[in-house]
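Thanks for coming. I will go through one model this morning, starting at the end of a helix and finishing with confidence.

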Amino acid sequence: MSLSNPAAPPGASEPRFAPVAALGTAALALIVVGGVYMASYAPRRPPLTAPICLAAASAALCVVNVVMLMRTRGLAWDKFFLVGRWTLLSYVIASGLIEFAFVKDHTRGAPLVVLTAMLVLFALDVPLIISYTVARYQSARSDAT
Amino acid sequence: MTDTRVDALSTGAAAELATATGQGGSPGALGPPRPVIQIVPLKGLPVVAVVLGFLVASIGFNWQWGIDFNHVAGGGLWTGIDLFVGLVVGPILGRMSIPARAEFSARFMPKMVLIMPTLVAMTLASGYQLALDLGNLKASSPNHSWLIVSFIVVGVMAVVALGLLEPANIAVLFEMRKPRPNGEVIAKLMKRFIYTAGITGLMQVATLVIMTRVASQ
């Protein structure tokens, strides 16, 4: 089953695509909430139950997103990968900068592991949102509207 | 950005937009040649690298002036640009002709793709260091609760900017590079600016209140 709708009626202004960007934004929000929660305890060691749950929920949303993405037809995949690789590079650098700041501030052990997992999700999720948003409007079906 | 802008850009605007960007029709009727839209202005990348290098060095070497400079300069510009674009440039743009809007956006938005993330990185990374150095993050500090509110404000802005605005910005630039840009697509993406301008403006005003409050305690 395809999540896209190639049989959209002629003249429909909005080709249907899976809600990858919306889910990605929800995953991003979970990471941000977890990050704010952890930062609010600095310089003390934060309790990790809530951040781990938030990171796990965010990771689950990312997995669902990837599955939906793989089942999407008609996406402009060339644009998806073009935008994806450059935004990925950009957000890996941004995540590295954040990681550097926390390591420099003596974040160690389990909190650092949770933080790193959140940053990995962040660095994957934002490029996914951006490249998907570009690619869905560059698709042949979008052109036809 | 106003509703007028979006309405005017919607149905039927594609042809006019194409003309504005130098596509379609006879060459003599097109006016100025279509600006080449570069999604990321490559000439700006060395500047970004220098700024980020300065930021990393300031944090890495605990350079107090550098940290202060990054936070004050980055934060001032971030807030100022956000409010200026939302409250001054947006409404002016909404009253301009579609070709003028298209040409302005084609030149303006690529620069914002570089400027805003750089300012955000400068402000947040140095701000966190500053808060740690000054002891404002300690639970006993009178500024602790204000800083938590500021984290929440920044979190809301991050979700809005990274989840909604930046993807839309880049998608609009790609659409405008097409031989015949789709006015409906651009209008739909531009609507996000209207929906989020109020949130961002409110958050920036809150940031001004919080930061002046923190600095005066």
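**A helix in chain B, the contact, and the scores**

Start just past H5(B): the residue that follows this helix is B:Gly135, and its phi is positive, near 80°. Bear in mind throughout that this is a predicted model.

Now the helix itself. H5(B) covers residues 98-134, which is 37 residues. At 1.5 Å a residue it should span 54 Å, and the end C-alpha atoms are 50 Å apart, so the two agree. H5(B) also has a kink of about 30°, and the centre of that kink is B:Met112.

Next, the contact between the chains. Chain A puts in 30 residues and chain B 28 residues. On the chain A side, the elements giving two or more residues are H1 (20-39), H3 (77-104) and H4 (109-137). Which of them gives the most? That is H1(A), with 9 residues. By type, the chain A side that touches chain B has 19 nonpolar, 8 polar and 3 charged residues.

Last, confidence. The model scores ipTM 0.84 and pTM 0.82. For chain B the average pLDDT is 82, with 84% of the residues at 70 or above. Among the elements of chain B, helix H3 (residues 45-60) has the highest mean pLDDT, 95, and helix H1 (residues 3-9) the lowest, 37. Residues 1-30 of chain B have pLDDT below 50, yet that stretch makes 71 contacts in the model beyond near neighbours in sequence. Where pLDDT is low, the predicted coordinates should not be read in detail.

Conventions:
Residues are numbered from 1 along each chain as its sequence is written. Chains are lettered from A and ligands numbered from 1 in the order in which they are written. This is a predicted model: local features need pLDDT of at least 70, side-chain atom pairs count only at pLDDT 80 or more; totals for chains, interfaces and linings use all residues. Two residues are in contact if their C-beta atoms, placed from the backbone, lie within 7 Å. Helices (H or I, at least four residues) and strands (E, at least two) are DSSP runs, numbered from the N terminus. Ala, Val, Leu, Ile, Met, Phe, Trp, Tyr, Cys and Pro count as nonpolar, Asp, Glu, Lys and Arg as charged, and the others, Gly among them, as polar. The expected span of a helix is 1.5 Å times one less than its number of residues. The bend at a residue is the angle between axes fitted to the seven residues ending there and the seven starting there. pLDDT is the predictor's confidence in each residue, from 0 to 100.
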